[in-house]
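Me: I'd like to talk through the ligand site in this one. Can you take my questions one by one?

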Amino acid sequence: MAIKTSFRPIARGMLRPTRASAASRYTSSNLTFLHIRLASSAALAKKLNIGGREVTVPTGLFIGNEFRPAIGGNTFAVENPATGEEIVQVAEAREEDVNVAVTEARRAFEDKAWADVNPVERGELLLRLAQLMERDKEDLIALEMLDTGKTYRQASNLDFPGSVGTLKYYAGWADKLVGLTSFNIPGAFAYTRREPLGVCGQIIPWNFPLLMFTWKIAPAVVTGNTVVIKSAEATPLSALKMCELIKEAGFPAGTVNLLSGFGKTAGNALASHMDVDKVAFTGSTATGRAILKASAASNLKKVTLELGGKSPNIIFADADLDKAAEWSAWGINMNFGQTCHAGTRLYVHEDVYDAFLEKFTARMAALKVGDNFDRSVDQGPVNSKMQYDKILGYIESGRQEGATVHLGGSAAEASTKAGGKGYYVEPTIFTNVKPDMTISREEIFGPVVTVTKFKTEEEVIELANDTTYGLAGAVHTKDYARAVRMTNAIKAGTTWVNMYNLVHWSIPFGGYKQSGLGRECGEAVLENYTEVKAVYLNTGMAAPQ
Ligand code: NAI
Ligand code: MG
């Protein structure tokens, strides 16, 4: 509470628009929209019963700290992947809504109050948001599980602490951004300062909706930018709930604006917008390419991309095989393989291939797949029908191209239990895999792993790097000199030794090659949300003649 009082005067007095001033900013074509907004704002939330817990979720577009219907009145269905049933309809942003949100974010940015606010107060707002998340933890987790198919363990032990930790970490950066000072130029003194970019467009995927929301907004707002963020069409709910908390925390109106909507319409409009200064994207490499093109074709907005992966996970003969099998199973099973850094290509030294495969297979076979609200279940459904069809298509291609299905390979029994409507896939292991097979090269984004034998370190380095991706990779060995050689040799942004999938908000994360541009997390991402300005002061230099 003490935190809230300290920032309230800024949030209230200077930045929140009155209804009249808000109305005056809209063009005549938007007046109908305003009308609809006032008439139906009460309906822009829905009470859900999630496993006995009542959770209210806003369903509007969040612009200027208000939930509003889309200008065109469009909505779309949000689906529960465990049953294939509709959960709720949410407002669908189109280009005209993107324009309004960007105008609002621009106004909030140009008001100066946000960028010029005492940075500590921006940090306090993030801390306050983290506290509100903790208060509403079970609501957020329930929504995330319902919308994505995640298990309670995944949502509560990983995604939730990761999200809160991210907010707290960036809150701490508020007053720690500094520049350089130089006394090395005779007759002049120079220093640099970091300035916010302006309006940041952010586009997030469906595999970690809550976590990606915090990864994106926290570094942007703590550095004084304002944000228009688009959630993934498959999973808009947790971000909507977060916006309710953003308003409650007291963020100035327009600092964070959220649009639910589709990529080709709302996403593309954001990436192409002439008044957006930066776009930060997480998702597929194909869409990353489209976003970079949209930037090039519009205003050359700055672009950071966190894209796909096909990460190698390498087991040497001297590894602790039990632990390696455990970590490797986790490497593919975390979030059911719907993780960009998943360990999808296992390479095992020939001396321990059979022994390792037996242990690894036992772990994969023991996973219980089913209703994600059942706490004894290890893996729920995959995220959507699109993803389900895609994964099963890749499994079929593996079979057709001659790989051996060593485990799994089908829709899981739980799909039948859900009346054929849920999207459950068996944990699947392929052996006899060749490097040029589709399942070796493309990101499957599901519980599907390939296992390949190798003989030498040189050979496995070549195999590991034989990919257009470069997001992550791991090595399991007791030989630390080898561990260092291998992690140096793997061309990827994150590497692990004797573990897999640890990604901490304080450590830079991002991709080599076609896995991305720029870094998220840690101090590194702050460079992507600020411009560096050089300032020279004349301390006695005469104008050159
Ligand atoms: P996607 O990359 O198309 O979607 C991610 C986000 O981008 C969503 O918010 C979507 O609405 C938006 N988007 C789509 N097209 C856009 C466009 N032209 N302009 C601007 N925004 C756009 O991924 P999708 O279709 O959901 O999944 C396909 C595959 O992508 C997955 O099977 C997986 O292999 C990969 N993927 C990778 C992720 C990662 O974390 N690296 C996350 C999600 C998907
Ligand atoms: Mg969903």
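Me: How do the residues of the shell around ligand 1 divide into nonpolar, polar and charged?
Reply: Keep in mind that this is a predicted model. In total, 27 residues surround ligand 1. Sorted by type, the shell comes to 12 nonpolar, 11 polar and four charged.

Me: Which residues around ligand 1 are the closest?
Reply: The shell counts residues with a heavy atom within 4 Å of the ligand. Out of the 27 that surround ligand 1, the closest are Trp206, Lys230, Glu233, Ser284 and Lys390.

Me: Which residue has a polar backbone atom 3.0 Å from a nitrogen atom of ligand 1?
Reply: Two side chains can be set aside, since we want a backbone atom: Thr287 puts a polar side-chain atom 2.8 Å from an oxygen atom of ligand 1, and Gln387 has one 2.9 Å from a ligand oxygen. The backbone partner of the nitrogen atom is Leu307.

Me: How much of the accessible area of ligand 1 does the protein cover?
Reply: Ligand 1 sits in the largest pocket. On its own, the ligand has 800 Å² of accessible area. The protein covers 90%.

Me: Where does ligand 1 lie with respect to domain 1 and domain 2?
Reply: Helix H11 (263-272) and helix H15 (385-400) are among the elements giving two or more residues to the shell. Domain 1 spans 24-307 and domain 2 spans 312-509. Both domains contribute shell residues, so ligand 1 lies between them.

Definitions and conventions:
Residues numbered from 1 in each chain as written. Chains lettered and ligands numbered in written order. Predicted model: local features only at pLDDT ≥ 70, side-chain atom pairs only at ≥ 80, totals over all residues. Heavy atoms only, no water. Polar contact = N/O pair within 3.5 Å; in protein donor to acceptor, adjacent residues only side chain to side chain. Areas by Shrake-Rupley, 256 points an atom, 1.4 Å probe, with all protein chains shown as cover. 1 Å grid on protein atoms, 1.4 Å probe; cavity = no way out; pocket = protein on both sides within 12 Å on 5 of 7 lines; lining within 4 Å. Sits in = over half its atoms within 2 Å of the grid points. Helix = DSSP H or I, 4+ residues; strand = E, 2+ residues; numbered from the N terminus. Nonpolar A, V, L, I, M, F, W, Y, C, P; charged D, E, K, R; others polar. Domains from an automatic or database assignment.
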